[in-house]
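Reader: I am new to this structure and should be grateful for a close look at a single part. Please begin with the matter of aromatic pairs, and then set out what belongs around it.

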Amino acid sequence: MDREAAQAESGANAALFQTDDFSGLPYKAVKDSVFKRLFTDPEYLLQLYQTLHPEDTKTVAEDLSIVTLETVIVKDIRNDLGFAVGSRLLILAEAQSTWSVNIILRSLFYLARTYQNYLRKTKQNLYNSKAVKVPQAELYVIYTGTSKVEKTELYLSEEFFGGKPSALEVKVKVIVEKDSRDIINQYILFSKIIDGQMKLHGRTPLAVQEAIRICKSRDILKAFLEQHEKEAVDVMVELYTQKDAVTEWGECKFEEGREEGREEGLEKGMVKGREEGAKQTAQRLHAQGWRDSDIASLLDYSTEDVRKWLEAKLA
């Protein structure tokens with residue numbers, strides 16, 4: 001495939017819920033990156049809301065505010081998507097490829113933290129005698145895995161207490177693949193296609209490129225993927241072998257109790273992981289007929305580096 005062909009394929013309410021900003025969060029997988037980028041776009045977020053509430057024909061994109069828990073003091077309390085519809089409705093949605101009923105408890109924790117943020121920002125006092133005002137909540141899990149899931153709703157009492165009455169009840173609605181062209185189903189299809197390509201090609205940029213090519217040919221998130229294709233591939237280059245490289249360079253030093261060794265190992269591991277991913281991608285693209293200079297441009301390395309990798313492969 002030549003380079004030209006490859007390129008051709010290739011608010012106020014929100015502030016009420018936001019938390020303090022902390023840096024240093026780990027990379028997310030490509031599916032997670034696509035999910036968040038897709039549904040932070042007002043156009044696609046409105047499509048998601050309309051899929052969940054087709055009866056509402058009056059709400060517009062300007063009525064929706066992102067309230068996702070992006071960075072918080074407790075790192076684990078970090079959800080996939082949260083948005084408010086004015087001040088009347090709060091929707092939290094999680095994308096899950098491995099089925100687990102624990103999503104009920106995770107959703108409960110996300111909701112509790114989101115409500116805490118709202119009450120703090122609106123300066124409402126829980127210890128006053130008057131009831132505070134909070135939006136009604138809806139919880140969803142978007143399941144992208146291959147296991148057969150029969151239930152359309154999950155209940156805390158049923159999954160954890162054998163159906164016995166409990167002081168607290170939580171309901172999570174389950175969304176699975178169906179015969180539809182709505183935006184949620186397109187994301188589910190995209191996730192399954194990228195999973196399939198990763199089984200064939202590993203966690204490599206080639207897997208992402210192939211998944212994007214297939215999705216565009218089937219009109220699955222086509223406009224979105226055409227706009228963000230290079231970004232998705234770049235994310236994959238960064239992710240490739242990063243975990244193994246970090247372990248190789250840093251973990252042994254960390255076990256010796258040297259914090260400086262861990263920091264050094266992390267930095268070296270990320271550099272090494274990116275280069276290893278770029279090497280393998282270069283070799284695959286060369287086998288497809290790409291020119292060395294085009295490969296270098298795509299991967300953001302010099303042509304000399306690419307030629308050195310290819311010559312080492314042939315040696």
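Author: Seven aromatic pairs are found when the whole structure is searched. In one of them, the ring centres of Tyr44 and Phe224 lie 5.9 Å apart and the planes meet at 90 degrees, so this pair is edge-to-face. Tyr44 belongs to helix H4 (residues 42-52) and Phe224 to helix H9 (residues 222-239), so the pair ties together parts that are 180 residues apart in sequence. Rings of Phe, Tyr and Trp (its six-membered ring) count as a pair if their centres lie within 6.5 Å; planes under 30 degrees apart are called stacked, those over 60 edge-to-face, and the rest tilted.

The model is a predicted one: local features require pLDDT of at least 70, side-chain atom pairs count only at pLDDT 80 or more, and totals for chains, interfaces and linings use all residues. Residues are numbered from 1 along each chain as its sequence is written, and side-chain values use heavy atoms, with hydrogens and water left out.

Both partners of this pair are enclosed: Tyr44 is buried at a relative accessible area of 10%, and Phe224 is buried at 3%. Another pair joins Trp99 and Tyr143, whose ring centres are 5.3 Å apart with planes at 80 degrees, so it is edge-to-face. This pair links distant parts of the chain, 44 residues apart: Trp99 sits in the loop between strand E3 (89-96) and helix H5 (103-121), and Tyr143 in strand E4 (residues 136-143). Helices (H or I, at least four residues) and strands (E, at least two) are DSSP runs, numbered from the N terminus. Trp99 is partly exposed, with a relative accessible area of 27%, whereas Tyr143 is buried, with 3%. Here buried means under 20% relative accessible area, exposed over 50%, and partly exposed in between, for a 1.4 Å probe and protein chains only. Aromatic residues also gather in a cluster, formed by Phe35, Phe39, Tyr187 and Phe190.

Strand E4, which holds Tyr143, leads to the sheet. Six strands form an open, mixed sheet in the order E1-E2-E3-E4-E6-E5. Its edges are strand E1 (64-66) and strand E5 (153-155), each of which pairs on one side only. On average, neighbouring strands are turned by 25 degrees against each other, direction ignored.

E4 is mostly covered, since six of its eight residues are buried. E3 and E4 run parallel and are joined by eight bridges, with Leu90 opposite Ala137 in E4. E4 also pairs with strand E6 (residues 171-175), in the parallel sense over three bridges; two strands pair if DSSP finds at least two bridges between them. Tyr140 stands opposite Lys173 in E6.

Helix H5 packs on this sheet, touching E3, E4, E5 and E6, and its direction makes about 140 degrees with that of E3. Helix H7 (residues 183-201) lies across E3, E4 and E6 and runs at about 35 degrees to E4. Such axes are lines fitted to C-alpha atoms, for helices over the stretch in contact, and the angles run from 0 to 180 degrees between N-to-C directions.

Ile104 illustrates the packing of H5, the helix in which it is placed. Ile104 is buried, with a relative accessible area of 0%. Among the residues it touches, not counting those up to four places away in sequence, are Leu154, Leu156, Phe160 and Val172; contact means heavy atoms within 4.5 Å. Ile104 and Phe160 are 56 residues apart in sequence, with their C-alpha atoms 9.6 Å apart in space.

Two further helices are well covered. Eleven of the 13 residues of helix H8 (residues 205-217) are buried, including Leu206, Val208, Ile212 and Cys215. Just after H8, Asp219 takes a positive phi of about 60 degrees. In helix H12 (residues 292-299), six of the eight residues are buried, so it is largely enclosed by the rest of the structure. Asp300 follows H12 with a positive phi near 65 degrees.

Finally, confidence deserves attention. The chain has a mean pLDDT of 79, and 74% of its residues reach 70 or more; pLDDT is the predictor's confidence in each residue, from 0 to 100. Residues 1-28 have pLDDT below 50, as do residues 240-256. Where pLDDT is low, the predicted coordinates should not be read in detail.
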